Amino acid sequence: MIIMVGGEKGGVGKTTLATHLAVARKALGGSVVLVDADSQGTSSTWSDARKEHPEVPQVPCVSLRGGKVHVELKELARHYDDVVVDTGGADSQEFRSAMLGADILLMPLRPGSFDFWTLLKMQEVVTLAEGFNDALKAVVVLSQVPPSAIDRARKEATDILADMPRFKLLKTLTVFRAAFNHSAGEGLTVDEMPRRDAKACSEVAFLHDELFGEA
Ligand SMILES: Nc1ncnc2c1ncn2[C@@H]1O[C@H](COP(=O)(O)OP(=O)(O)OP(=O)(O)O)[C@@H](O)[C@H]1O
Ligand SMILES: [Mg+2]
């Protein structure tokens, strides 16, 4: 499966979720490659930090740039069970071309109107891509939700997405938890941290299962 994590807004958790999903797939015994298709190169930095931790399974990370990313993603998918792609926003060539090859576009969004407004533009771009890639499924996951606002965030997102049938809202969300931030700097996941945050780990497990099924 080729799953890309992308979206217009910065700082919403794209790299966090891409790296966690890649490690979760690897932990289940499959072969997986993490693709850094964001010019900021954050997934590559995470991967470099991970090399300092020989105790955890390493996940190969390759950087791809330009408008032909989909061709390379398809090629990678012939060699790996899963290809997890970290892309930037809709204006990047990498985002647009990755959508031509992906099975799933996962868009993390923080609660609040500013992030949701970006979905209007996403609708146009996703519609264009679907003309070339009818396998593409676009899903939204709430990210960094304040613990006191979970129900409100869910309701707000459900209401907004009711008018955007192209986008499915996942049941899973991630709450704002320091564990995510701490693990990122180490090149690890929340599961691999010495002081494990069980709730953060559950959120990642639920996200994985919702995207990939229970298998
Ligand atoms: N659920 C969470 N709780 C707390 N902090 C989080 C959570 N998810 C991500 N973060 C932190 O928020 C910051 C932004 O996350 P991340 O880098 O994954 O976003 P991004 O969408 O990839 O950003 P960019 O647009 O810059 O590529 C990072 O410092 C990360 O550790
Ligand atoms: Mg990023």
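This is a short chat about ligand 1 and the pockets in a predicted model.

Reader: Where should I start looking: which residues come nearest to ligand 1?
Author: A residue counts as near when one of its heavy atoms lies within 4 Å. Here 17 residues surround ligand 1, and K14, T15, T16, R177 and N181 come nearest.

Reader: Which elements supply at least two residues of that shell?
Author: Three of them do: α1 (14-27), β7 (167-175) and α7 (178-186). As for class, the shell has nine polar, five nonpolar and three charged residues.

Reader: How do I read the polar contacts?
Author: Look for pairs of N or O atoms within 3.5 Å. A polar backbone atom of T15 sits 2.8 Å from an oxygen atom of ligand 1. V175 puts a backbone N or O atom 2.9 Å from a ligand nitrogen atom, while for T174 a side-chain N or O atom is 3.4 Å from a nitrogen atom of ligand 1. The protein covers 82% of the 630 Å² of accessible area that ligand 1 has on its own.

Reader: Which pocket does ligand 1 take up?
Author: The largest one. That pocket holds about 600 Å³ of space and has 30 lining residues, with G11, G13, T15, T16 and Q144 nearest its centre. α1 gives the most to this lining, six residues.

Reader: And what lines the second largest pocket?
Author: This pocket has about 200 Å³ of space. Its lining is made of 14 residues, and V23, A24, A27, D191 and V204 are the closest to its centre. α8 (198-212) brings the largest share, five residues. By class, the lining has eight nonpolar, three polar and three charged residues.

Terms used
Residues are numbered from 1 along each chain as its sequence is written. Chains are lettered from A and ligands numbered from 1 in the order in which they are written. This is a predicted model: local features need pLDDT of at least 70, side-chain atom pairs count only at pLDDT 80 or more; totals for chains, interfaces and linings use all residues. Side-chain values use heavy atoms; hydrogens and water are left out. A polar contact is a pair of N or O atoms within 3.5 Å; within protein, one must be able to donate a hydrogen and the other to accept it, and residues adjacent in sequence count only if both atoms are side-chain atoms. Accessible areas come from the Shrake-Rupley method with a 1.4 Å probe; for residues, only the protein chains shown count as cover. On a 1 Å grid over the protein atoms alone, a cavity is a set of points where a 1.4 Å probe fits but cannot get out, and a pocket is an open set with protein on both sides within 12 Å along at least five of seven lines; lining residues have an atom within 4 Å of a point. A molecule sits in a cavity or pocket if more than half of its atoms lie within 2 Å of its grid points. Helices (H or I, at least four residues) and strands (E, at least two) are DSSP runs, numbered from the N terminus. Ala, Val, Leu, Ile, Met, Phe, Trp, Tyr, Cys and Pro count as nonpolar, Asp, Glu, Lys and Arg as charged, and the others, Gly among them, as polar. Grid points are joined across faces, edges and corners, and a volume is the space filled by probe spheres set on the points.
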